[in-house]
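User: Hi! I am new to reading protein models and would like to work through one with you. Could you show it to me first?

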Amino acid sequence: MRCLTLADALRAGGGRTRFLSRQLPIVLAEEVKRRGHELVMLPPPTSPLRESSSDAPAHAAWLQVDALQDVQDSLEALQADAPWDWLVVDHYGIDNRWESRMRACASRILVIDDLADRQHDCDVLLDQNFYEQADGRYAARVPERCRKLLGPSYALLRPEFADLRSAVSVREGEVRRLLVFFGGVDENNVTVCAVEAIARLPRGALEVDVVIGAGHPARREIEKRCLQLGMNCHVQTQEMARLMARADLAIGAGGTATWERCSLGLPTLALCLAENQRQLLVDGSRAGLLHAPSIWPHDVESLARQLLVLIESPGLRQLMSRCAMKHVDGQGVARVVRNMALPQITVRLATAADSQNLFNWRNHEAIRAVSRTSEPISPETHASWFSKVLSSPDRCLLIGHSGPSEVGVVRFDLQATVAEVSIYLVPGQEGRGLGAALLVAAEDWLSATHPEVESLVAEVRGDNGPSHRLFSSANYKLDITRYQKWRRSRPR
């Protein structure tokens with residue numbers, strides 16, 4: 001479903017999209033095609049899968065065939081229309097060996113992961129979950145050139161969550177409406193336990209919405225019990241965002257629904273129903289995004305007790321709601337698409353012939369406003385500075401190009417294993433997503449020409465919002481805060 005959300009956004013932008021799957025329920029296959037995407041079903045396995053090698057991914061068996069066979073089948077499904085601009089991989093059984101072979105049919109690869117348990121060969125890594133040590137989880141598992149999109153600000157949520165964002169506010173006051181949702185499958189039938197736990201509460205005027213999928217294993221039982229208890233049972237609803245927006249409290253599992261609830265500020269009692277949800281819920285609970293007690297999901301008494309605690313704790317619910325909305329705004333899919341749409345930038349070392357252009361750019365009002373020194377630069381000062389930069393082995397001045405056009409400037413000041421980066425776009429090139437692409441191209445150049453550099457630092461003025469957002473999205477971490485106070489009016 002997260003891939004379908006991403007594909008919808010790409011197609012809305014004019015892209016052609018094709019899904020590959022070896023086994024897919026008919027209802028999902030029809031949904032993929034209904035939304036206008038191509039679908040290729042890979043051949044079913046013809047023989048039992050041999051035991052995986054010791055260095056294979058932990059979930060290699062989920063491919064259902066040998067990895068090399070899967071590569072061959074996938075290439076056959078794509079090569080007639082190759083090269084594709086992007087190959088999006090969302091499969092726990094796939095690692096860098098599969099991805100490297102698939103570069104034969106795709107210009108770039110985006111991997112969606114949250115296990116961080118295997119190597120990847122990708123240009124972009126997306127992990128939309130919240131972890132306290134998010135960046136370190138993939139530090140040695142992706143190439144240096146890989147751009148990492150980490151955290152729920154990149155959560156692939158359907159458009160209706162962003163649309164409803166402005167209509168909701170931080171939850172305050174009493175709980176009047178409670179939402180129960182454990183995913184479309186809920187194969188362990190935790191929904192029934194939650195319903196029974198709520199039945200033990202002093203309900204009063206509390207409205208309860210219970211959401212299940214059409215194929216829920218206990219659908220009839222749940223529908224009957226909800227009718228007996230006066231609860232609203234929604235089967236395969238298309239109104240999930242609306243139900244979350246009007247609820248005051250939810251009980252559910254980890255996974256994508258976590259970020260759907262957070263985007264709408266819905267306080268949640270979250271239960272761990274799969275191992276890959278455990279760390280997410282632990283770290284999310286520590287950050288105040290949700291309440292994740294260490295209880296067995298089928299323990300009705302404990303569920304009832306925990307729900308009552310939350311219902312009677314308006315301050316805690318308000319805190320969770322505020323923290324959730326701060327971390328997730330529902331714009332994740334737009335951010336991912338923007339990263340995928342970054343234009344191709346090439347960089348080259350500046351030469352003496354660039355002096356006049358650099359002089360003009362550096363003196364432009366917009367560039368001076370975000371520079372360390374905002375005063376106009378004289379021709380003599382510029383000439384001296386430029387000569388020193390070109391002759392210094394510790395300073396690298398790069399000019400970025402998009403096609404024939406010069407679009408930006410990057411400078412690296414080297415000191416042993418550290419490089420300080422300065423970057424600006426040529427005036428008039430703003431608003432096209434060029435900053436992120438320029439920074440990526442410059443970092444790639446630095447990695448290739450100065451492998452001794454281990455870390456990058458950047459100093460940004462406090463009022464330079466675009467640069468703060470640029471470095472933050474490029475996985476730079478805030479290191480030092482510098483305060484300045486003017487004791488008298490600044491000269492103009």
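User: Among contacts in the chain between residues at least 6 apart in sequence, what share joins residues at least 24 apart?
Analyst: Good place to start, and please keep in mind that this is a predicted model. Take the contacts between residues at least 6 apart in sequence, and then pick out those joining residues at least 24 apart. Their share is 61%.

User: How many helices and strands does the chain have, and what does its C-alpha trace span?
Analyst: The secondary structure comes to 18 helices and 16 strands. Along its principal axes, the C-alpha trace spans about 85 × 70 × 40 Å.

User: What percentage of the residues in the chain is buried?
Analyst: A residue counts as buried when its relative accessible area is under 20%. The chain has 492 residues, and the buried ones make up 46%.

User: Is Asp 209 buried or exposed?
Analyst: Let's find its place first: Asp 209 is in strand β8, which covers residues 207-212. Leaving aside neighbours within four places in sequence, its contacts include Arg 177, Leu 178, Asn 232 and His 234. Its relative accessibility is 1%, so Asp 209 counts as buried.

User: Why is helix α6 described as largely enclosed by the rest of the structure, and which elements cover its buried residues?
Analyst: Helix α6 runs over residues 190-199, and because eight of its 10 residues are buried, it is largely enclosed by the rest of the structure. Among those buried residues are Val 190, Cys 193 and Ile 198. The cover includes β7, β8, α7, β10, β11 and α11.

User: Which residue lies in the loop between β7 and α6 and has a positive phi although it is not a glycine?
Analyst: Most residues other than glycine have a negative phi, so a positive value is worth a look. In the loop between β7 and α6, a residue that is not a glycine has a phi of about 55°. With a relative accessible area of 17%, this residue is buried. It is Asn 189.

User: What is the phi of Ala 116?
Analyst: Ala 116 lies in the loop between β4 and β5. Its relative accessibility is 13%, so it counts as buried. Although Ala 116 is not a glycine, its phi is positive, at about 50°.

User: Which two residues does a cis peptide bond join?
Analyst: Most peptide bonds are trans. Here, omega is about 0° at a cis bond. One partner, Pro 83, is in the loop between α3 and β3. The two residues are Ala 82 and Pro 83.

User: How many Å apart in space are Gly 136 and Val 457, C-alpha to C-alpha?
Analyst: Gly 136 is in the loop between β5 and β6, and because its relative accessibility is 54%, it counts as exposed. In sequence, Gly 136 and Val 457 are 321 residues apart. In space, their C-alpha atoms are 17 Å apart.

User: Which residues form a nonpolar patch on the surface together with Met 1?
Analyst: Met 1 lies in the segment before α1. At 57% relative accessibility, Met 1 counts as exposed. The patch has about 300 Å² of accessible area together, and the partners of Met 1 there are Val 27 and Leu 28.

User: How many Å apart are the mean positions of the positive and negative charges of the chain?
Analyst: The chain has 58 positive and 60 negative charges. Taking the mean position of each set, the two points are 6 Å apart.

Terms used: Residues are numbered from 1 along each chain as its sequence is written. This is a predicted model: local features need pLDDT of at least 70, side-chain atom pairs count only at pLDDT 80 or more; totals for chains, interfaces and linings use all residues. Side-chain values use heavy atoms; hydrogens and water are left out. Helices (H or I, at least four residues) and strands (E, at least two) are DSSP runs, numbered from the N terminus. Buried means under 20% relative accessible area, exposed over 50%, partly exposed in between (1.4 Å probe, protein chains only). Contact means heavy atoms within 4.5 Å. Lys and Arg count as positive and Asp and Glu as negative; His and the chain ends are not counted. The place of a charge is taken as NZ of Lys, CZ of Arg, CG of Asp or CD of Glu. Patches are made of residues with over 30% relative accessible area and no salt bridge: like charges are joined within 9 Å, nonpolar side chains (Val, Leu, Ile, Met, Phe, Trp, Tyr) within 5 Å. Accessible areas come from the Shrake-Rupley method with a 1.4 Å probe; for residues, only the protein chains shown count as cover. A salt bridge is a side-chain nitrogen of Lys or Arg within 4 Å of a carboxyl oxygen of Asp or Glu.
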